[in-house]
Structures are given as C-alpha cells and as structure tokens.
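Here are my notes on the model you sent round, set out point by point. Have it open as you read.

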Amino acid sequence: MKRTGQLDTLIIEHSGPLKGTVQISGAKNAALPILAACLLTDDESVLEGVPHVTDVATMCSILQILGMDAAWGDDSTLNVKAQHHHGWTAPYELVSMMRASICVLGPLLARFGRARVSMPGGCVIGPRPIDLHLKGLEALGAKITIDHGDIVAQADRLIGTTIHLSGPFGSSVLATANMLMAASLAEGATIIDHAACEPEVVDLANFLIAMGANITGQGSSTIRVEGVVRLHGVRYRIIPDRIEAGTILIATAMLGGDVWVHGGVAEHLTALLDKLTDANVVIERLIGIIHVQSDRKLKAIEVTTQAFPGFPTDLQAQMMAMMTVSHGVGVVTEKIYPERFMHVPELRRMGAQITQEGANAIIKGVERLGGAPVMASDLRASAALVLAGLVADNQTQLGGVEHLDRGYEHLERKLSALGAKIHREQATANGERTVVPVGVVAATSGSHG
Ligand code: EPU
C-alpha cells in the first residue's frame with residue numbers, strides 16, 4: 001500500500017506573525033479506539049469529526065479485513081457497519097504500520113470469543129510493550145498465546161473482575177481502551193484500577209455509553225464497567241484534537257501573532273496553557289476556543305511529560321522546538337517515553353543548542369535557527385521540525401512527511417491560512433517536483449477511507 005506523503009516534501013520559509021482563526025480537527029487518538037469499538041455491534045455507527053489522516057485509513061483497512069464496512073460520508077463523517085462476514089485476524093502488514101491496531105484485540109475477543117492480532121514490533125519513539133493489555137485480558141478470562149509473531153486470544157466468555165493497569169511508566173491509554181471495550185460485553189462488573197484519565201479515554205467511554213454500555217468513573221483512575229448483553233449503533237461526534245490545538249498554539253507562541261483556536265478545549269490542555277503563560281504567551285480560555293497572543297519574546301521554561309492532566313508527551317517535541325528560540329536555558333524531562341528524542345539531532349542541524357542526558361534535554365535558546373534539509377522520524381518530531389523551520393532563516397525542506405500525515409489533517413494548510421510560508425511539493429514519476437495545490441486532500445488515502 002502506498003503511504004500518502006511518502007514522496008512529499010514540505011518547503012518551509014521563515015515566517016512572520018500568525019493571524020486569524022483556525023478550526024481544530026477531530027482527535028486521531030480518540031477516533032482510533034472508537035473505530036475499533038464499532039466491532040462491538042453489527043449495527044451502523046456514524047462517526048462525526050473523524051480526521052482525514054493515514055492512521056484512520058489504516059484502522060479502516062483493518063476493520064474491512066475484520067468484516068466491517070467503513071465509508072466516508074460528508075466531509076469528516078465516517079459510516080461504519082458490519083458486512084455479512086466476520087474475521088478475527090489483524091495481519092502484520094497493517095499492524096506493523098500502526099501500533100494502535102492493538103486496540104482491536106479487546107473488542108474482537110468480547111464479540112467473537114477469539115482474536116489473532118499481529119504483535120506490534122519496536123517503535124521509533126522507544127520500547128512500547130503490550131504486557132498491560134495482555135495481563136488485563138487474561139484477568140477477564142482470556143487464554144493468550146503467541147504464535148508466529150501473532151497474539152492469539154480465546155475466551156468462551158469474559159467475566160468481570162478487578163484489573164490493575166499500572167506499569168513502570170504509569171497507566172496505559174490504549175490498554176485502558178482495550179479493557180473498557182472488552183469489559184462492556186463481559187459478564188458482571190469490572191473495576192479498572194490505575195486507569196488512564198486522558199480525554200481520549202473519556203471519549204471512548206462516552207461512545208460506549210451511547211452504544212448502551214454501563215460505565216462510570218471515566219476520567220478518574222478507577223473506572224467501573226457493568227457488562228451488558230448487547231451494544232447498538234450510534235451517531236457520535238469525536239472530541240477535537242488537543243495535540244493539533246497545542247501544536248498551533250506553540251506555533252503562534254514561536255512566530256508571534258494573534259490566533260483564535262476554535263475547537264481548542266482549555267480543560268484538555270491545562271498543562272500546556274500554564275507553561276505557555278510562564279513563557280510570556282498571553283492565553284485566553286473561552287468555551288471551545290483558545291485565544292493566543294505572542295510577541296515572540298519567550299522565556300525558557302522547564303517541562304516534564306506526564307500522564308494526563310500532566311504535560312503530554314505528544315507535545316514534548318513541539319515544546320522543545322519552542323525552547324530552542326526562547327531566552328535562557330530550558331529543560332525537558334520525558335517520563336512517558338524516555339527515548340523519545342529523535343527530533344534532537346535534526347533540531348541541532350538547524351543550529352539548536354541541545355544537550356541530551358538520558359531522559360533529560362537541556363536547551364539553550366539561540367537568537368536564530370538556520371533552515372536546512374531535515375528528515376521527520378515520527379509524527380510529533382515532524383511537527384516540531386515544521387515549527388523550527390518556520391522560525392529559521394532561509395528555507396527548510398522537510399522529508400518523511402508521511403509521518404506528519406499519520407496524525408495531522410493538513411497541518412501545512414492550516415498554518416498557511418494563518419500566514420505561515422509553507423507548502424507541499426510532490427515528486428513526479430520523472431523525478432521532478434510539483435507543488436501540491438491547496439485543494440488536494442493529500443492526507444487521505446481514498447482506497448482505505
Ligand atoms: N506501557 C507498558 N506496558 C503496556 C503498555 C504501555 O509498560 O502494556 C508503557 C509504555 O511503554 C509507555 C507508557 O506505558 O512508557 C504509556 O504508554 P501508553 O500505553 O499509554 O501509550 P499508547 O496507549 O500505546 C497512546 C497514544 C500515543 C501517546 C500515548 C501516551 C494512541 C493511538 N496513541 O499510546 O500517541 O503518546 O498514549 O499518551 O492513542 C501520538 O499520537 O503521537 C502517540 C504516540
């Protein structure tokens with residue numbers, strides 16, 4: 001399968017202040033488990049606010065293999081329903097593209113009593129074990145073996161119990177999602193202890209409740225699920241993407257300007273908003289809108305990533321990009337993925353002064369970064385390089401844009417509508433490059449939508 005964005009380059013020029021309004025898309029990390037949860041019923045569900053990103057396309061491909069039909073309706077609406085056959089095998093080709101594929105395990109097991117899901121492998125942001133997923137499903141009564149690199153799970157019936165989801169780095173977002181989905185159709189009550197509190201987990205719980213599940217405590221570290229016999233289809237709107245909103249807020253802080261972020265939910269971004277305020281950025285928290293103003297005179301800050309409501313690891317790279325041009329010495333401590341620093345060497349190539357020791361990075365702000373050809377290694381690293389390119393002198397060419405397209409819906413178009421100088425170029429068959437016109441939906445893989 002061709003990954004969209006694979007041959008694309010983002011051409012980024014030094015940009016002045018951002019100005020205007022921007023509409024945030026639906027949250028990728030809420031959409032993915034919610035799409036998996038559609039396996040829990042044969043009925044049709046209509047999901048609104050689904051972002052056009054390649055991870056969603058990959059999840060749709062997995063659902064199709066598992067016997068579901070996922071078809072785009074108007075704009076960002078996705079209609080998902082069962083076809084006449086069911087499957088229970090998620091193959092390596094798709095699971096290896098996206099670790100979030102693991103969240104079909106819980107619903108398959110709950111619905112069909114069996115699942116075969118390729119074991120997700122290593123990952124560029126560091127080790128990402130799945131022990132908590134397996135431990136939780138075993139506690140519910142599943143028998144799990146590993147066969148030829150696949151997780152094979154079986155259970156005549158799942159029975160509610162107490163599940164502890166705490167690992168060495170805290171709880172797990174997708175393990176909590178898997179438990180919520182499995183427990184919704186289990187017999188009796190399940191208590192999920194040390195549950196993840198992220199807004200995306202709450203959104204999944206709310207989706208399941210709309211489908212007929214009996215769940216309480218979502219958003220706290222103890223969730224109770226009383227199993228029900230059947231779930232039904234539903235129409236549901238996915239929450240806005242707090243990481244996209246955060247990325248645009250940081251961009252405005254760095255470039256200066258005055259931007260109204262529509263769909264920005266301040267309660268989902270408290271840790272970021274507090275840090276931006278510490279850095280001299282003016283933030284106004286309105287209902288469903290965050291208003292940001294910056295004069296670019298940024299103060300260095302210290303940031304430690306933590307589970308929600310702490311500072312999100314998915315905004316760490318972007319925040320580090322901001323610190324490279326702040327006044328003074330900033331510190332980033334990564335407590336969720338201690339190896340998530342792939343952006344550091346690329347930022348250094350642009351003139352950033354960063355010293356990394358284990359899970360800590362010390363960033364000495366510089367007056368100016370210099371544009372350079374740089375390569376994205378993962379989703380959030382690519383966003384950080386976009387931001388760095390926009391404040392750097394001269395031109396930056398960002399390759400590896402397929403990483404950006406996994407999770408951002410047209411980030412370059414949203415930034416360019418706010419005044420940033422950024423556009424996408426695509427290599428043609430004869431090796432020349434052409435500018436991708438703004439009207440082309442580059443991040444949507446039509447065959448998988
Ligand atoms: N962990 C374990 N055992 C497990 C599962 C996780 O030790 O069985 C550890 C991880 O290695 C990590 C920590 O627990 O150190 C937290 O990982 P978590 O399981 O919460 O991550 P995830 O659920 O796989 C989701 C997001 C990530 C985001 C993390 C943390 C989705 C699809 N992915 O991953 O998003 O970084 O939560 O908030 O929801 C991204 O969007 O760029 C991204 C990587």
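1. Start with strands β4 and β5. β4 covers residues 68-72 and β5 covers residues 78-82, and the two pair in the antiparallel sense over five bridges. Within that pairing, D69 in the first of these strands sits opposite K81 in β5. The two strands make a hairpin with five residues between them. Look at D75 in the turn: its phi is positive, at about 50°. Bear in mind throughout that this is a predicted model.

2. Next, the cysteines. How many disulfides does the count come to? Zero. Take C38: its closest cysteine sulfur belongs to C60 and lies 9.3 Å away, which is too far for a bond, because a disulfide needs the two sulfur atoms within 2.5 Å. C197 doesn't manage it either, since the closest cysteine sulfur, in C103, is 18 Å off, again too far for a bond. As for surroundings, C38 is buried at a relative accessible area of 1%. C197 is also buried, with a value of 18%, because the cut-off for buried is under 20%.

3. Salt bridges are another matter: the count here is 18. One of them joins the side chains of D150 and R116, with N to O at 2.7 Å. This pair ties together distant parts of the chain, as D150 belongs to strand β9 (residues 150-154) and R116 to strand β7 (residues 114-118), 34 residues apart. D150 counts as buried, at 15% relative accessibility, whereas R116 is partly exposed at 23%.

4. Now a bridge between loops. R157 forms a salt bridge with E187, and their closest N and O atoms are 2.8 Å apart. R157 is in the loop between β9 and β10 (162-164), while E187 is in the loop between α6 (173-184) and β11 (189-193); the two residues are 30 apart in the chain, so this pair also links distant parts of it. Is R157 buried or exposed? Exposed, with a relative accessible area of 52%. Its partner E187 is partly exposed, at 43%.

5. There's a further loop-to-loop link further along. The side chains of D393 and R368 meet in a salt bridge, 2.8 Å from N to O. D393 lies in the loop between α12 (379-391) and β23 (395-399), and R368 in the loop between β21 (360-364) and β22 (373-375), with 25 residues separating them. Both partners are partly exposed: D393 has 24% relative accessibility and R368 has 47%. Elsewhere, salt bridges with shared partners join D8, D405, E412 and R424 into one network.

6. Last, the nonpolar cores. The largest has 81 residues, and V104, L180 and L208 are the ones that touch the most other members. Helix α6 gives the most to this core, with eight residues. Which residues does L180 contact, leaving aside neighbours within four places in sequence? The list is I192, V201, L204, A205, L208, I215, I223 and V225. Apart from this core lies another, of 72 residues, including L273, I290, V325 and V374.

Methods. Residues are numbered from 1 along each chain as its sequence is written. This is a predicted model: local features need pLDDT of at least 70, side-chain atom pairs count only at pLDDT 80 or more; totals for chains, interfaces and linings use all residues. Side-chain values use heavy atoms; hydrogens and water are left out. Buried means under 20% relative accessible area, exposed over 50%, partly exposed in between (1.4 Å probe, protein chains only). A salt bridge is a side-chain nitrogen of Lys or Arg within 4 Å of a carboxyl oxygen of Asp or Glu. Helices (H or I, at least four residues) and strands (E, at least two) are DSSP runs, numbered from the N terminus. Two strands pair if DSSP finds at least two bridges between them. A nonpolar core is a set of buried Ala, Val, Leu, Ile, Met, Phe, Trp, Tyr and Cys residues joined through side-chain atoms within 4.5 Å. Contact means heavy atoms within 4.5 Å.
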